[in-house]
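Hi,

Here is the structure I promised to pass on. Have a look at it first, and my notes follow underneath.

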Amino acid sequence: MPLRLIEGQSAPGDPITVDLASDDLASAQDFYGPLFDWEFEDVAEHLWATKGRRLAAGFGVMEALDLARSRWWLCLAAPDLDEMTERAVSLGGDVSGRTDLGGLGHAAVLEDPAGASAVLWQPRKLEPGALGAAHGGLVWAELITDDPSRVAAFYEGMFDVAAVPVRDRGTGSGPSGAVNLERKELEVPRAMAGIVPASGAARGGAAGARWRPYFQVDDLDVFRDQVTELGGEVTDERVSASRRRTAVVTDPQGAEFGVVEGMASKQVEHEET
């Protein structure tokens, strides 16, 4: 996702981080640490994955919200959690499981009308700043759902954004019906997340309506080999509508995530067929 023009200021609905819920956080560290060059530190009785003194992800912060399976939680900014809760319900969604995270703030589970869930997070303090566009940094998030137009209206009302159709840039890979949720920041349009029809989404290890986070990688070919060596699985590779190489990965505990090859990496030499 494009960098915010004003760092550290998050509008409602902006993805601010992701958190891994797993029943084996030690094994998760063994997988993600070498894969993304992350280091881990205890913060307020929780675990931060960091790189270069920047926050890449959380581990176990949200695990009280859902222990049914290992998964990545996308954490969306909620500057006023009470107001966002009321808005979600009025638009046909649901908010449950409100949790006090101590010094980290408050969080709750947002479920949209199609059943996809994410975290609404009203942080008290979020330090260090997000890693962003670097190897192992969160750079995009997409919602996979059967009816993008139906849930797009929900998120437009929820976060005061516009659902803008994704235009294929000649790769033949843009799924029909996909939209980006955009807002203007200093009069510059910024896509905060995408919504992709399940029928056209990249294949992954999970099923149903869900949010999928994407991390940047320096070299997708090298990364693919590392995933296999560490016990994970690459389930799909393709070229995005913006001509960037992407892949979907399932970690050893079954949690799904995506990766995007960085713009500084080797250029795409072929188009998806």
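**Strand β16 and its neighbours**

Phe215 stands opposite Val259 in β16. That pair belongs to the pairing of strand β13 (residues 210-217) with β16, which is parallel and runs over 4 bridges. Bear in mind as you look around that this is a predicted model.

β16 also pairs with strand β15 (residues 245-250), this time antiparallel, with 5 bridges joining the two. Here Thr246 has Val260 of β16 as its bridge partner. β15 and β16 form a hairpin with 5 residues between the strands, and in that hairpin Gly254 has a positive phi, near 100 degrees.

So how many residues of β16 are buried? The count is 6 of the 6 in residues 256-261, so the strand is largely enclosed by the rest of the structure. In a regular strand, side chains alternate between the two faces of the sheet. For β16, one side has Glu256, Gly258 and Val260, the other has Phe257, Val259 and Glu261, and all of these are buried, so both faces are covered. Note that the buried set includes Glu256 and Glu261.

**Helix α2**

The other element I went through is helix α2 (residues 81-90), where Leu81, Met84 and Ala88 are buried. They span an arc of only 60 degrees around the axis, which puts them on the same side of α2. The general background is that an α-helix has 3.6 residues a turn, so residues three or four places apart point the same way.

What covers those buried residues? The cover includes three strands, β6 (94-100), β7 (105-111) and β8 (117-123), along with helix α3 (148-159). On the face of α2 turned away from the buried side you will find Glu86 and Ser90, both exposed.

The two ends are worth a click too. At the start of α2, a side-chain oxygen of Asp80 comes within 3.2 Å of the backbone nitrogen of Asp82. After the helix comes Gly92, with a positive phi near 95 degrees.

**The chain as a whole**

Overall, the chain has 4 helices and 16 strands. Of its 273 residues, 49% are buried. Its accessible surface is about 12300 Å², and carbon and sulfur atoms account for 47% of that. Looking at contacts between residues at least 6 apart in sequence, 64% join residues at least 24 apart.

Cheers

Conventions: Residues numbered from 1 in each chain as written. Predicted model: local features only at pLDDT ≥ 70, side-chain atom pairs only at ≥ 80, totals over all residues. Heavy atoms only, no water. Buried < 20%, exposed > 50% of the residue type's maximum accessible area, 1.4 Å probe, protein only. Arc of directions from axis to C-beta. Contact = heavy atoms within 4.5 Å. Polar contact = N/O pair within 3.5 Å; in protein donor to acceptor, adjacent residues only side chain to side chain. Areas by Shrake-Rupley, 256 points an atom, 1.4 Å probe, with all protein chains shown as cover. Pairing = 2+ DSSP bridges.
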